[in-house]
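Thanks for coming. I will go through one structure today, helix by helix and contact by contact. Please have a look at the slide before I start.

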Amino acid sequence: MRTRGQAAQVAAGEPLTEADRLALDRTIRIAEQSSRFEFSVYVGPAQGDDTRAWATRLHNRLVAPSRSVMVLVDPRRRVIEVVTGGDVRRHLSDGEVELAVLAMSSEFASGSLLAGLQRGITMLAEHARPQNTLHA
């Protein structure tokens, strides 16, 4: 399974608080319900020099990687990686991922890790949502 992603700058800051984690869990749950894909977030140090490879390894360990989106944020390196599975890529374009990464970067630069993650995940879910079709 091939994945794709984007890297961008992240402001180094404090890790998520317990309240932040609960708010992020709610955002993820809503995103999963609206898009029917699974979302995972990793905030912390990426192992090795290649953050993309680390994000891909994490993504491949998920229960259903073909139906999953992995958002990796390494605040120390100031990097964002988004990895999508094959099923997700049918609904989510590179441009849409780039827009979500840009939105996250903007929030991170202003010092809000939680707001950036919430905004990015919400955008990814909205763009990945399958089109409703009416059958006659």
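Which residue with a positive phi follows α4? That residue is G111, and its phi is near 100°. Before I go further, a caution: this is a predicted model.

Let me stay with α4. This helix covers residues 94–109. It has 16 residues and reaches 22 Å from its first C-alpha to its last, close to the 22 Å expected at 1.5 Å a residue. Its buried residues are V97, A100, V101, A103, M104, S105 and F108. They pack against β2, β3 and α5.

There is also a side-chain link out of this helix. E107 and R119 form a salt bridge, 3.5 Å from N to O. It joins distant parts of the chain, with E107 in α4 and R119 in helix α5, residues 113–128, twelve residues apart. R119 is partly exposed, at a relative accessible area of 38%.

Now the other salt bridges. The whole structure has five, and I will mention two more of them. E18 and R21 meet at 3.7 Å, N to O. Both sit in helix α1, residues 18–35, three residues apart, or about one turn of the helix. As a reminder, an α-helix has 3.6 residues a turn, so residues three or four places apart point the same way. R21 is partly exposed, with a relative accessible area of 41%. The other bridge is between D87 and R90, where the closest N and O atoms are 3.1 Å apart. R90 is exposed, with a relative accessible area of 66%.

Next, the interior. The largest nonpolar core has 28 residues, and those touching the most other members are F39, V71, V82, L117 and L124. At least two residues of this core come from each of α1, β2, β3, α4 and α5. Which helix gives the largest share of this core? It is α5, with eight residues. Apart from this core there is another one, of eight residues, including L62, M70, L72 and V83.

On to α2, residues 51–60. How many of the ten residues of α2 are buried? Seven are, and the helix is mostly covered. Those buried are T51, R52, W54, A55, T56, L58 and H59. You will notice an arginine and a histidine in that list, R52 and H59. The buried residues of α2 pack against β1, β2 and β3. At the N-terminal end of α2, D50 acts as the cap, with a side-chain oxygen 3.1 Å from the backbone nitrogen of R52.

Last, the aromatic rings. A pair of rings is described by the distance of the centres and the angle of the planes. The count here is one aromatic pair. Y42 and W54 make that pair, at 6.3 Å centre to centre with 75° between the planes. Since edge-to-face needs an angle over 60 degrees, the pair is edge-to-face. Y42 lies in strand β1, residues 38–43, and W54 in α2, so the pair ties together parts that are twelve residues apart in sequence. Are the two partners buried or partly exposed? W54 is buried, with a relative accessible area of 6%, while Y42 is partly exposed, at 23%. The cut-off for buried is under 20%, so Y42 at 23% does not count as buried.

That is what I have. Questions, please.

Note on methods. Residues numbered from 1 in each chain as written. Predicted model: local features only at pLDDT ≥ 70, side-chain atom pairs only at ≥ 80, totals over all residues. Heavy atoms only, no water. Phe/Tyr/Trp six-rings, centres within 6.5 Å; stacked < 30°, edge-to-face > 60°. Helix = DSSP H or I, 4+ residues; strand = E, 2+ residues; numbered from the N terminus. Buried < 20%, exposed > 50% of the residue type's maximum accessible area, 1.4 Å probe, protein only. Salt bridge = Lys/Arg side-chain N within 4 Å of Asp/Glu carboxyl O. Core = buried A, V, L, I, M, F, W, Y, C linked by side-chain atoms within 4.5 Å. Contact = heavy atoms within 4.5 Å. Polar contact = N/O pair within 3.5 Å; in protein donor to acceptor, adjacent residues only side chain to side chain. Expected span 1.5 Å × (residues − 1).
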